[in-house]
Amino acid sequence: MKKVWRNLPTLRLLIYAVALYILLMLLSSGGILNDYLMIIINICLIYVILATSLNLINGITGLFSVGHMGFAAVGAYVAGTFTTLVWKLPNDGSVSTTLLFIVALVLGGIGAAIVGALIGMPALRLKGDYLAIVTLGFGEIIRTIINNIDAVGGPRGLLGIPALSSFTIIFVATVVTVLILRYLVYSSHGRAMISVREDATAADLVGINTTKYKVWAFVIGAFFAGIGGGLLAHLIQLAHPTQYGFYASFLVLIVVYIGGVGSMTGSILAAFVLTILEKYLLPMLLQWAGLGVEWRMVIYSLLLIIVMIYRPEGLMPREAKFMIPEDH
Amino acid sequence: MELTTFFQQLINGLQLGAIYALIALGYTMVYGIIRLINFAHADFLMVGAFAVYFFASFILTLTNAIPPIILFILGLIVALVAGALIAELSNRLAYKPLRYKPRLSALITAVGVSMFLEYFFASLPFIGPSFRAFPDLLKPVSFVVGGVYLNNIQLLDIGLAIVLMILLTFIVNRTMMGKAMRAVSQDKDAAKLMGINVERTITFVFLIGGALAGAAGILMAMTYPRIYPNMGILPGLKAFVAAVLGGIGNIPGAMLGGFLLGIAEIYATSYNSLLGEGIAFAILIIVLLVRPQGLLGEKQSEKV
């Protein structure tokens with residue numbers, strides 16, 4: 001029995017996920033978790049999607065990308081435009097809204113994946129700092145373009161997005177994302193991606209198509225970022241260019257690096273810890289200390305600097321045990 | 001485009017480019033010496049501008065009789081000192097402990113420092129996140145040369161930037177400290193073996209880079225007299241593109257890149273505002289695809 005349990009990490013993860021879901025639902029319906037806390041938990045889950053997908057690019061494949069929210073913006077705007085347009089059509093209830101929403105999310109993800117493929121191309125020639133600069137530039141270009149397309153609201157943002165992101169949908173999307181990424185990382189493709197990170201030249205020499213894996217890392221990472229963006233837009237019912245700038249991308253990057261780059265478990269934990277810290281604990285602490293809520297980000301950035309100085313490898317070092325199959 | 005418009009825009013472009021070039025120099029010097037993209041550099045500019053703002057407001061409440069030129073020179077000194085101090089402070093407290101750690105941790109820390117400075121200034125009750133009008137240090141004087149409108153602020157921006165660049169070139173090429181800087185940027189370990197105090201050299205680079213950012217801060221505040229804690233972000237990003245355009249790590253490259261980018265941005269804006277907004281990043285992508293080492297940078301071959 002114990003051996004079966006160990007050999008089925010997916011089953012184990014699924015059981016954990018279902019248990020967590022039931023626990024949260026009980027707490028929520030029991031009134032212990034109020035609406036505000038549920039929104040924070042939803043944002044935590046979306047950050048899990050964004051951070052794990054960025055970790056695939058940065059941590060697993062070793063391509064330093066800093067424009068992740070650019071992909072999320074594409075997903076948010078594609079999905080948001082789709083649902084706002086469809087919701088204007090007469091609907092007699094024959095088409096399930098959940099189904100339409102899933103279609104919208106997938107469309108957003110595909111849009112982001114196409115952009116990801118475009119960005120993956122320069123990644124073939126560049127590495128390290130230069131790649132970071134290009135992805136930063138691409139992220140800013142996406143934001144500038146959105147800011148200037150009047151059909152999606154331009155600088156006003158895309159308003160009136162229907163509130164479709166329920167806790168259940170976000171939770172399921174997060175679990176599916178984590179499972180797919182986990183399978184990917186431990187498949188032969190994932191091993192190939194890790195080999196690109198460790199030594200691209202050596203990987204080339206043993207016959208791994210490094211070009212293909214670099215582009216695929218961007219495509220898959222961007223796809224899930226697009227899903228995350230779509231979920232976020234339908235949670236807060238707004239997509240605004242300022243949400244997807246340079247700093248928003250860095251907040252995701254911070255989750256990945258505090259969690260420990262290359263560790264999916266680290267990204268998941270850090271997404272929860274940092275989001276709850278930023279959105280719940282710090283405001284509470286500040287109120288108690290009699291300071292305004294605007295000091296929240298001051299303390300948050302100080303904490304980031306301190307963590308980086310004393311633990312530059314992140315909270316979870318790269319080979320976190322949880323994600324690694326014990327016997328192989 | 002008419003010839004006078006062409007020259008008018010050229011002057012505007014040079015003015016903007018002078019500010020970009022001053023900021024880009026700080027990026028490129030720090031990158032050259034410790035291979036760190038110092039994202040907080042743009043905020044040193046903001047700190048310089050605010051230092052001058054408080055200094056000038058304080059002086060102006062004491063006396064109105066002070067000649068503008070004296071006020072400007074004092075303000076410039078304040079800006080240089082404030083920029084240099086904040087740069088060295090962030091180097092000492094945030095970057096130095098990470099000197100021999102993975103480079104990406106230092107990069108994330110730089111983002112942290114940048115966020116900290118912006119949010120800290122926005123949270124201080126006597127600064128706040130909103131815009132503030134920057135006092136007129138010099139009275140604007142306009143004059144016309146051959147149909148092209150000029151004013152003293154424009155000439156000051158361009159002139160001061162060029163003076164500071166000449167000074168910097170002199171320091172880098174003709175002094176012992178400059179020699180040490182070049183040596184450390186080539187090979188830190190070898191420089192240490194030659195008896196160069198590497199940490200002192202890095203401090204010096206941060207001081208100079210910060211002072212240049214402070215100078216850019218006072219010039220920007222005089223040109224666009226509106227200051228706020230996030231004022232550095234956009235010019236910072238564009239100056240960074242300028243540094244990459246010239247070849248990051250290359251000092252003449254940053255000057256050239258800054259002026260080129262300023263001119264390109266002004267011409268593009270006069271053509272179409274969307275193009276003006278995006279041209280910096282479009283240039284960035286093109287440069288990195290066609291010539292990643294920048295205009296003046298040297299190509300580094302990959303070692304296996």
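The exercises below, each with a worked solution, concern a predicted model.

**Exercise 1. Work out whether the length of helix α2(A) fits its number of residues, and whether the helix is buried or in the open.**

Begin with the count: helix α2 of chain A covers residues 9-29, which is 21 residues. At 1.5 Å a residue, with the rise multiplied by one less than the number of residues, the helix should span 30 Å, and its end C-alpha atoms are 30 Å apart, which agrees. Turn next to burial, for which a residue needs 20 or more other C-beta atoms within 10 Å of its own. The number of buried residues in α2(A) is zero, so the helix lies largely in the open. Finally, look at what comes after the helix: α2(A) is followed by G31(A), which has a positive phi near 85°.

**Exercise 2. Describe the side of chain A that touches chain B: how many residues does it have, which elements supply them, and of which classes are they?**

The contact draws 29 residues from chain A and 31 residues from chain B. On the side of chain A, the elements that give two or more residues are α6 (128-148), α11 (246-259) and α13 (296-310). Of these, α6(A) gives the most, with nine residues. Sorted by class, the residues on this side of chain A comprise 20 nonpolar, six polar and three charged.

**Exercise 3. Determine how helices α6(B) and α8(B) are oriented to one another, and which residues make their contact.**

Helix α6 of chain B runs over residues 176-186 and helix α8 of chain B over residues 198-223; they pack at an angle of about 105°, with their axes 10 Å apart. Because angles from 65 to 115 degrees count as roughly perpendicular, α6(B) is roughly perpendicular to α8(B). From α6(B) the contact takes M177(B), A180(B), M181(B) and V184(B), and from α8(B) it takes V198(B), T201(B), F204(B) and V205(B). By class, seven of these residues are nonpolar and one is polar, while none is charged.

**Exercise 4. Locate the largest nonpolar core through its residues with the most contacts, and then follow two of them, A215(B) and V255(A), outward.**

The largest nonpolar core has 210 residues, and those with the most contacts inside it include V255(A), A21(B), L22(B), A215(B) and V241(B). Helix α1 of chain B (residues 3-34) gives the most to this core, with 16 residues. Setting aside residues up to four places away in sequence, A215(B) touches L22(B), L76(B), A79(B), L80(B), L160(B) and L164(B). For V255(A), consider L274(A), which lies in helix α12 of chain A (residues 264-289). L274(A) has 23 other C-beta atoms within 10 Å and is therefore buried. Apart from its neighbours within four places in sequence, L274(A) is in contact with V255(A) and I258(A). Although L274(A) and V255(A) are 19 residues apart along the chain, their C-alpha atoms are separated by 7.1 Å.

**Exercise 5. Explain why the phi values of Q237(A) and R35(B) deserve attention, and state where these residues lie.**

Most residues other than glycine have a negative phi. Q237(A), which is not a glycine, nevertheless has a positive phi of about 55°, and R35(B), also a residue other than glycine, has a positive phi near 55°. Q237(A) is placed in the loop between α10 (210-236) and α11 of chain A, whereas R35(B) is in the loop between α1 and α2 (41-62) of chain B. Q237(A) has 16 C-beta neighbours inside 10 Å and so counts as partly exposed; R35(B), with 16 other C-beta atoms within 10 Å, is partly exposed.

Note on methods. Residues numbered from 1 in each chain as written. Chains lettered and ligands numbered in written order. Predicted model: local features only at pLDDT ≥ 70, side-chain atom pairs only at ≥ 80, totals over all residues. Helix = DSSP H or I, 4+ residues; strand = E, 2+ residues; numbered from the N terminus. Buried ≥ 20, exposed ≤ 12 C-beta atoms within 10 Å, placed from the backbone. Contact = placed C-beta atoms within 7 Å. Nonpolar A, V, L, I, M, F, W, Y, C, P; charged D, E, K, R; others polar. Axes fitted to C-alpha atoms, helices over the stretch in contact; angles between N-to-C directions. Parallel < 35°, antiparallel > 145°, perpendicular 65-115°, else oblique. Core = buried A, V, L, I, M, F, W, Y, C linked by C-beta atoms within 7 Å.
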